[in-house]
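Here is a quick tour for anyone meeting this structure for the first time. Have a look at the picture, then read on.

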Amino acid sequence: MSRCHAAAIVFGFFLRKRYEVLRKREGVCEGLTKFDADKSMRLLDKLWEHRRNKAPRERQGRMVDFPVNRDFNDKHGHRIAYAAASEPGTARPVLFRPVLQVMQCFDEHSTLSGRLLTQVDQETLWGHVSVLRPEVSAAALMPLLECRALDNSDVFFLENLGEVCGELDDREVIAIGRHENAHATAESILWELRRWTEWAIDAFQALDGFITGSQTNTNFIAEALWQCWSFALEAKKKAALVPDDVYGSDRRFYDSAEEKLCRAVTVSGMDAQTKEEILHSLKSAQRPGCDIWGDPRVTTLRFAAFSCWAFSSYMAGAIRDMTSFTETLLVRRLASLSKEEVRDAFRTVQRCVQVARCQRPADFSPQWLTTQSFVPCELATRLVRPDALWDGSSNLSEFVAPCKEAGTWLMNEHVEPEIQKLRVQEA
Amino acid sequence: MNLATTRMQSQVEEFLRLALARSTPRWIVTVERKGTALLRSLVENSKRPATGWTGWNQVLSSEALERAPVHDLQTGVILLLDDGICGGHRMRKLYDFLTDQRGVPRERIRIACFTTHENASFGDVDHRWFGQMTSKRYREVREDVISYFQRNGSLLLDTEHIEVPIRLKCPRLEFFDALCQAGIGVEHVSAAGKINLTIHNPIILEESKYLESLPPGTTIKNAIRKLRVVQRTENEFVIIPIFYPSIPASENRLDTLPPCLSPLASDPEMDFHLVGIFSALHLFKTAFACLRELIQENKLVVRVPGPGDPDDCVSHMRALFPQIDVEELHRLVERLVESGRNYRARRGELNPPLRVEGAQGTKGAEALRKLQWLALKAVAHYAVMSPAEPRGASMAELVRELGSRVSAPKCKAEIEERLVQEALLSAALDKAVDEADLVADVKAMTFVDGVKRMVRVFRFDGELTTSDVVRVASVWRSPNAPPEEVRTSDG
């Protein structure tokens, strides 16, 4: 058995324990979402690495860490990924592949009894959703115990940790799974902003094409707008603006996850040694929420995240309600965004484009914008009101031109310098 | 399968083939329980037919020997089969019964035994594979044989159970979760690495109708009631329902039982077994009602192999019930499986699944190990109480050992915890049976209502190993137990 497969079995067992507690608590639970499973595994990876007595365990040949890269960047935050894999069906080498994908690959080639996850398809209000039901029980760990990659205390740790993680809801496990320190969080926000930039540029080009008649596929534009909006949303959630809105912020869920985990460990019936070990791992692997979101590396990104989010809501929300786009996926995907919120976003963007990089506060909050009195700049006045687009008093080309200008200005003024700064730091 | 087990399998198979071919028996009397398991391993797992084997209609269990009709055993060679002779008391008893009470001459009796101890008092063995073994070597071979039985699917389970094979076309946990709707399940792994599931006290569908079918005075309280699921091959499992209500230890009316069982009624012990078969078969309904959706979605393949099929699941019943109509019994099993598959459970009739992990390293494994020793200790205690007749311990006595009935539970979580403990005890007993530490037996016991009833009890198995286990079990104490010695103030 390869180390990757062994680790996948351990992850599967851990996910199963979490799933069983969730199922018992919620009555009906068909499985874990992909993000939930992914971030739960990342949390395990972090805590496993920070267990006590690493050196003696390593000398015994036990699995002291998993063969994964923990900082594989992706839309919903860092993921754990296996190295040196290749794309299925092709010989094209890739540097990393997310563990979850590899687990599904293992399943395609294994017998039923060796299956790690089962995909369960569900129809929800939002459309077709797939959840994953972990299929690994402790019996599947027997080969790892026999070859001494694990011992009884490892299984005990996994079982107990999986059960206490079952006390967290999906938003909490995602928050604690994807954040651990300020540097990683800042890097993760910047990754989202970089993707936002790429999609925003794509959206501008597609809109230009639509206006000139070279691009007739509205679904393509809708996809670019939606991606733009959702990357900005992820950046905003990770930046944890105060106060948070209906979309929530990772900080709130991170804090409640940390508190719930500590409480669940304390009140559980596990022995004192295991309790102490889990709490030690948790404290060593996870910085307190105030350290992460109070760090200047993260606070300086708040404005960028917030302005990109407001800009995306304004642009995508306004275009969504145009007649040409009513048949696109944008309508369903942005169903949560009300017209009033689009109007608010418009007003926010008008203010944002007047804040130069040197003017923004070190500890930005959305209230700060409302307390400032700006003399509207030329660009702010040229931005088209969403209602004007909806009632036909302005056309799409009149809307897109200043919009594109504002977006580019935000990229150049607030996003790119931060990305460059990180590159310099990393270099 | 590891090398030791493969080697043991070929040796056992060769030994049985030789014993059967050389004696060409008309009757095979198997010494319960390992003698029967030995034969089952050849019949159910070997791909080649054995010379001298004509089917289960030539087999009699040692337990059924006294009940066998007089005209049986009157012709042909009788082969007495056991896995090992240590002291030789059981083989001597069987031999004496045949020669003294049935008048069978010695030349018609052949004795086959896989291993014999150097101190065995009964040395007149015709076929043996290992002879004159020291205690150490005898123990080692015994362990290997038990491991071989476990690998082949817990063959040490009682012979009087009926099992239905299931082939999985879905992940195992989906199958287990569906079954755990019947009751709390404990998943454990045998020493040979086979996965087992024990579902304690599964619900009884149409309970009032079932209870009406039982003889008057019968109680199901504290009765052994479970569904055992045993892995045979990677994706093949068997479901074995076990249910022994306690019937009055007097003359019982069994005319409400199905026609294939009711004519066999005789003494209370036989009646107890018949009611046990009927009750266990009723649990098939529960099991298959739980599996209904999976079967409908074609995730499980279910068949009830009958007489003539290579994996026949009913004919072995002839060993214990020589007069049973296996064809009729097979039809009854098919009917109950079918009615379970078609049973549409009412809302809330089945439970949300609860499965406890008992594999190595888990919390459940530690609890299982402790409970297994607690059970052995309890059995040792009752053996010491009446050393002349080690009657074993009943389920009620074993549950009492848990101390869980002393105080009333305070909350729902505590109720569930106690139920889980009972389920773990049930699984611990299964492990003890699979590891040949315990065997099940039937004894008459007086209940608090003054009625004497037949009860399922557990007692120690074997001769040589029994003494080891009894010695350790007698002194073993749970680390959480209070000290046994109390120092009084006057010293």
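Chain A has a radius of gyration of 24 Å, and that agrees with a compact globule, because a globule of 427 residues would come out near 22 Å. Keep in mind that this is a predicted model. Along the principal axes, the C-alpha atoms of chain A fill a box of roughly 75 × 45 × 45 Å.

What is chain A built from? You'll find 20 helices and five strands in it. Buried residues account for 46% of the 427 residues of chain A. Then there's the question of how far along the sequence the contacts reach: taking those in chain A between residues at least 6 apart in sequence, 73% join residues at least 24 apart.

**Two domains**

The domain assignment splits chain A into two pieces, listed here.

| Domain of chain A | Residues |
|---|---|
| Domain 1 | 3–178 |
| Domain 2 | 182–249 + 293–426 |

How far apart do the C-alpha centres of these two domains of chain A lie? The distance is 34 Å. Where domain 1 of chain A meets domain 2 of chain A, each of them puts nine residues into the contact. On the domain 1 side, the residues that touch domain 2 of chain A include no nonpolar ones: five are polar and four are charged.

**Where chain A meets chain B**

Now for the neighbour. Contact between the chains involves 17 residues of chain A and 19 residues of chain B. On chain A's side, two elements give two or more residues each, namely helix 5 (142–146) and helix 6 (152–165) of chain A. Which of the elements gives the most to this side of chain A? That would be helix 6 of chain A, with four residues. Sorted by class, the side of chain A that touches chain B holds eight nonpolar residues, along with six polar and three charged ones.

**One residue up close**

Let's finish with a single residue, Asp321(A). Its place is the loop between helix 14 (302–320) and helix 15 (330–333) of chain A. Is Asp321(A) buried, exposed or partly exposed? Asp321(A) has 18 other C-beta atoms within 10 Å, so it counts as partly exposed: being buried takes 20 or more, while being exposed takes 12 or fewer. As for Met270(A), that residue is 51 residues away from Asp321(A) along the chain, and the C-alpha atoms of the two are separated by 55 Å.

Notes. Residues numbered from 1 in each chain as written. Chains lettered and ligands numbered in written order. Predicted model: local features only at pLDDT ≥ 70, side-chain atom pairs only at ≥ 80, totals over all residues. Contact = placed C-beta atoms within 7 Å. Nonpolar A, V, L, I, M, F, W, Y, C, P; charged D, E, K, R; others polar. Domains from an automatic or database assignment. Rg over C-alpha atoms; globule rule 2.2 N^0.38 Å.
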